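Biologist: I should be grateful for a close look at a single helix of this model, together with its surroundings. Please set the account in the context of the protein interior and of some individual residues elsewhere in the chain.

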Amino acid sequence: MTHAHNPAAPEGATGILVLADGTIIWGRGFGATGSAVGEVCFNTAMTGYQEVMTDPSYAGQIVTFTFPHIGNTGTNDEDVEADSPHALGCIVREDITAPSNFRDQKPFDQWMAEQGRIGISGVDTRALTRRIREASAPNAVIAYDPEGQFDIDELLGKARAWAGLEGMDLAKEVTGHQTQLWDKGGMWRLGHGYAPLEDLEASFTRPHVVAIDYGAKRNIFRNLVKAGAKVTVVPAKTSYEEIMALKPTGVFLSNGPGDPAATGVYAVPVIQQLLEQDIPLFGICLGHQMLALAAGAKTVKMHQGHRGANHPVQRIGGGWAETEGLVEITSMNHGFAVDGETLPDNIHETHKSLFDGSNCGIEIIGKKAFGVQYHPEASPGPQDSFYLFEKFVGGLS
């Protein structure tokens, strides 16, 4: 890491990360050429890099992978959570590993190039992770030029001019733009792929879940189908009247990127109307935060966020009092959190992080409405958290 104005690139350096404080990190570029500005975070998962890059919750972010060997399983057309990547780029320790997996269809660096996403290898990701832990997630520009030619002053100016995620509504940027019945299959099985929804007519007799898409991962919809629901997906800004016209049995509030307070400007009034009508609600990640805001709590920007597939979460009561104390191993991806100190009297805190004690679950007293901060559909446990889908869909009538 250096602090200098327009220094020459070290020999072999074709990638660069310029932090807003002037720190310069050199590396070897891969994927697409060009530059992108966003927030640098880190993810501690050992697998699932393709899922991470396509998760809409990573919009506006550059992901540092702490696992050093990225690329060893290659890429395929199944391990994606959206039609295209939403993370701006990634930073890795070693050069992209050659694929060694029977499901591989193309190398990760080739996939990154085709998807227009920038990567840098050869970076001391431990040092960068420690820097984020100590000083919080920085704004930065990531860039790749095969000739190693960079205007660092220009890149630094872009990093400093970027407003950051706080106050930014990104859900409106990543949401789908039309209402549609989820017909893209159920759960994945080895050798079979995603289970086809062979008889959509039969699904019409199932409980009808309207899922508000703030930047949803596809696997959430598959889990709702597995739990027994018919799912209709609607855009983030769908009105209360439009939702009720679909005659939902319950409403799901999805994950998504950005500042929940900014998204809440249009989302919270809709959720409050749904609560007034006693419509059952289930929220995940950003959806959990939206539910908390609608009930009177507040959200805060976290120092470094939680991103990884090994986060222990403990059940602490509420609707899960009979299993109080049990610990789930969960997948997380969030840079904002519900402020547990602001929970009003009508909210039970049901889950908390064993890493830092931050809020990871709520339920609203007297309502069929609950949410969790983590991602039960990712199943790192592997089945620790599927009960949430069963509780939601099983409680619909």
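Modeller: The account below begins with helix α7 and then turns to the nonpolar cores and to two single residues.

The model is a predicted one. Helix α7 spans residues 218–226 and is mostly covered, since eight of its nine residues are buried. The buried positions are R218, N219, I220, F221, R222, N223, L224 and V225. Charged and amide side chains thus appear in this list beside nonpolar ones, as R218, N219, R222 and N223 are buried along with I220, F221, L224 and V225. An α-helix has 3.6 residues a turn, so residues three or four places apart point the same way. The surroundings of α7 comprise several elements: its buried residues pack against the strands β11 (193–194), β12, β13 (230–235), β14 and β15 (281–284), and against helix α11 (387–394). Just after α7, G228 adopts a positive phi of about 110°.

Two nonpolar cores give the wider context. The largest has 33 residues, and those with the most contacts inside it are Y214, V251, I271, L274, L275, L281 and L291. At least two residues of this core come from each of β12 (208–213), α8 (240–245), β14 (250–253), α9 (260–276), α10 (286–294) and β19 (359–364). Helix α9 supplies the largest share, seven residues. Another core lies apart from it and has 29 residues, including A216, A229, F386 and V393. Strands β12 and β14 therefore enter the description twice: the buried residues of α7 pack against both, and each supplies at least two residues of the largest core.

Away from the helix, K106 is situated in the loop between β6 (89–91) and α2 (108–114). K106 and V225 of α7 are separated by 119 residues in sequence and by 30 Å in space, C-alpha to C-alpha. With a relative accessibility of 25%, K106 counts as partly exposed, because buried would require a value under 20%. Beyond its neighbours within four places in sequence, K106 is in contact with G74, T75, W111 and E114. With E114 there is a polar contact between the two side chains, at 2.6 Å.

N139 belongs to strand β8 (residues 139–144). N139 is buried, because its relative accessible area of 17% falls under the 20% limit. Not counting residues up to four places away in sequence, N139 touches V18, L19, A20, G38, E39, A159, W162, A163 and G164. For W162, a polar atom of the N139 side chain lies 3.4 Å from the backbone oxygen.

Note on methods
Residues are numbered from 1 along each chain as its sequence is written. This is a predicted model: local features need pLDDT of at least 70, side-chain atom pairs count only at pLDDT 80 or more; totals for chains, interfaces and linings use all residues. Side-chain values use heavy atoms; hydrogens and water are left out. Helices (H or I, at least four residues) and strands (E, at least two) are DSSP runs, numbered from the N terminus. Buried means under 20% relative accessible area, exposed over 50%, partly exposed in between (1.4 Å probe, protein chains only). Contact means heavy atoms within 4.5 Å. A polar contact is a pair of N or O atoms within 3.5 Å; within protein, one must be able to donate a hydrogen and the other to accept it, and residues adjacent in sequence count only if both atoms are side-chain atoms. A nonpolar core is a set of buried Ala, Val, Leu, Ile, Met, Phe, Trp, Tyr and Cys residues joined through side-chain atoms within 4.5 Å.
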